[in-house]
Amino acid sequence: MKELISKNFGLFIQDKITGTNIEKKYIELKKTQNYNNKETYSYQLEKLKKLLINAYENINFYKKIMDENNLNPYNLISLDELNKLPIIDKSILQKNNIRNINIKKVKIVKTGGTTGIPLKIIKDSNVRSYTWAAYYRWYSWMGIEFGDKVISLWGTPTTLKSSIRKKVYIKLSNYLTNNYEINTFEMNQENIEEIIAFLKKEKPKLLRGYLSSLLFVANYILKNNIKLCIPNISSTTATLFPHDREKLKKAFNGEVFDQYGCSEATSIAFECSKHSGLHITNERVIIEVVDKNGNRVYDEPGEIVITDLDNYAMPIIRYKNGDMAIMSTSPCSCGIKSPMLRKIIGRTIDTIQLKNGENVPGWFFTNIFYELKYPHELMKINRFQCYQEKKNYLVLKLETSENIDKEFLVDLKNSLNYFIDNINIECLEKIPNEASGKFRYIKSEI
Ligand SMILES: [Zn+2]
């Protein structure tokens, strides 16, 4: 009965309560995903023109940079004209007021990122509608229909009590959408069995959540040989490394789907059932992957530059969020023609300096792990953290509750010594999360 209500009325009522238009945008996105390249180009151009005109008319910062760079938004005829504008970053967003105060009904999202410098992102109902619509379209790629049960492992570390109105809204919204939430900040060794029993009883079609929370549950399941079958798993907030994906697949007996977004712009890219990369939601965003000089690069790592086509309350135009990715030149075999991000590499600020002075991101170390070919030992490691306090010195922390083979540790140290002279490997039962609740694979003080 409940499922029936959710399937038929959930989206309609959610739209009414939140002032969004998800249902309409969802129908639109199901249509546009079949567009050919020419149709997509016209669609993007029209949206970009509207965004630029809006930014030009309402925000001094954008008016100034468009005038300075001879970009006339009223005469926009090509997407390439976007390149006339400079790439901006978080510090520029912080220094300049880019909020369009004429737009009401906004939501404020605070972002800290790994730098810890807070920034308020303002989102209007248009961007929230498209964001959710893109999410639901992604669910449809997994075979999940609206109203199917979804359980999320999330939570916000807060000492503030949420208002009764907010609590009621969340409960109602969850009921209508057949969503359940488990607060990960209350998840611990004592109640983990209860949580697993809940998952068994509820049989969700999708379990989504912070990667560190999903791994916490997965490790317990694997260690205790618990049988659980959840057809779809999706993780967020951290780079999904191949060994994590394998672990999640094994523990939950389901398919693992990756996705990409950031606080500044969500629903950027989603993985389909071919698992060969992430489809960019090009109805929502224009994504560029650029080298140090700002030129686009393909099939090699570069920095992500985002233009959010839907947020008029705080336009994000050619914004470098600090993440890196590889833009693919080959299309996906699933038939959807959108451009693909082959790999999300992680934050550029999260790097470790090698003895030759080169800075490398976290996946560099994952590759080293894999080259060693110790699958059994790798399964014992819940997660790892590279901590660099000074040059040519690295502390590699491995979180494990079991004894790690000494030979593996010696091999690992030897391999790492090739890049950094002083390596200290520590095996710990628990590596703490950051105060924000997120986990950082890479921490550097230099
Ligand atoms: Zn695909």
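Which residues does N58 touch, not counting residues up to four places away in sequence? In this predicted model, the partners of N58 are N100 and N102. N58 itself lies in helix α3, which covers residues 37–58. The C-alpha atoms of N58 and I98 are separated by 8.8 Å, although these two residues are 40 apart along the chain. As for its surroundings, N58 has 18 C-beta neighbours inside 10 Å, so it counts as partly exposed; being buried would take 20 or more.

Stepping back to the whole chain, the secondary structure comes to 13 helices and 20 strands. The chain has 446 residues, and 37% of them count as buried. Contacts that reach across the sequence make up a good part of the picture: taking contacts with a separation of 6 or more, 65% are between residues 24 or more positions apart.

Now for the inside of the protein. In soluble globular proteins, nonpolar side chains tend to be buried together. Here, the largest nonpolar core has 81 residues, and L214, I306 and L341 are the ones with the most contacts inside it. Helix α6, residues 125–141, gives the most to this core, with nine residues. There is also a second, separate core of 10 residues, which includes F384, L394, L396 and Y441.

I306 is worth a look on its own. Leaving aside residues up to four places away in sequence, I306 touches E264, A265, I268, V285, I287, I316, Y319 and N321. Some of those names come back with I280, a residue of strand β10 (residues 278–280). With the same sequence neighbours left out, I280 touches I268, A269, V285, I287, S338, P339, M340 and L341. Among these partners, S338 is 58 residues from I280 along the chain, yet their C-alpha atoms are separated by 6.0 Å. I280 has 21 C-beta neighbours inside 10 Å and therefore counts as buried, the cut-off being 20 or more.

The helices come next. Two packed helices are described by the angle between their axes and the distance between the axes. Helix α9 (residues 211–223) packs against helix α10 (residues 242–252) at an angle of about 50°, and their axes are 9 Å apart. The two helices are therefore oblique to each other, and α9 passes α10 in a left-handed crossing. On the α9 side, the contact is made by L211, L214, L215, A218, I221 and L222, while α10 brings D244, K247, L248, K250, A251 and F252. Sorted by class, the residues of this contact are nine nonpolar, no polar and three charged. L214 of α9 has already come up as one of the residues with the most contacts inside the largest core.

Helix α9 also packs against helix α8 (residues 192–202), this time at an angle of about 90° and with the axes 11 Å apart. That angle makes α8 roughly perpendicular to α9. In this pair, I192, I195 and I196 of α8 meet V217, Y220 and I221 of α9. The contact has six nonpolar residues, with no polar and no charged ones. I221 thus takes part in the contact with α8 and also in the one with α10.

Helix α6, the one that gives the most to the largest core, has a packing partner in helix α2 (residues 22–32). The angle between α2 and α6 is about 55°, with their axes 8 Å apart, and that makes α2 oblique to α6. Their crossing is right-handed. From α2, I22, K25, Y26, L29 and K30 meet S129, Y130, W132, A133, A134, Y136 and R137 of α6. By class, this contact has eight nonpolar, one polar and three charged residues.

Finally, a couple of backbone oddities. Most residues other than glycine have a negative phi, and most peptide bonds are trans. S267 is not a glycine, but it has a positive phi of about 55°. S267 sits in the loop between β8 (259–260) and β9 (269–271), and it is buried, with 25 other C-beta atoms within 10 Å. N392 likewise has a positive phi, near 60°, in a residue other than glycine. The place of N392 is the loop between β17 (383–388) and β18 (393–399). With 15 other C-beta atoms within 10 Å, N392 is partly exposed, whereas S267 is buried.

Notes
Residues are numbered from 1 along each chain as its sequence is written. This is a predicted model: local features need pLDDT of at least 70, side-chain atom pairs count only at pLDDT 80 or more; totals for chains, interfaces and linings use all residues. Axes are lines fitted to C-alpha atoms, for helices over the stretch in contact, and angles run from 0 to 180 degrees between N-to-C directions. Helices (H or I, at least four residues) and strands (E, at least two) are DSSP runs, numbered from the N terminus. Angles under 35 degrees count as roughly parallel, over 145 as roughly antiparallel, 65 to 115 as roughly perpendicular and the rest as oblique. A crossing is left-handed if the near helix is turned anticlockwise from the far one by less than a right angle, and right-handed if clockwise. Two residues are in contact if their C-beta atoms, placed from the backbone, lie within 7 Å. Ala, Val, Leu, Ile, Met, Phe, Trp, Tyr, Cys and Pro count as nonpolar, Asp, Glu, Lys and Arg as charged, and the others, Gly among them, as polar. A nonpolar core is a set of buried Ala, Val, Leu, Ile, Met, Phe, Trp, Tyr and Cys residues joined through C-beta atoms within 7 Å. A residue is buried if 20 or more other C-beta atoms lie within 10 Å of its own, exposed if 12 or fewer, and partly exposed in between; C-beta atoms are placed from the backbone.
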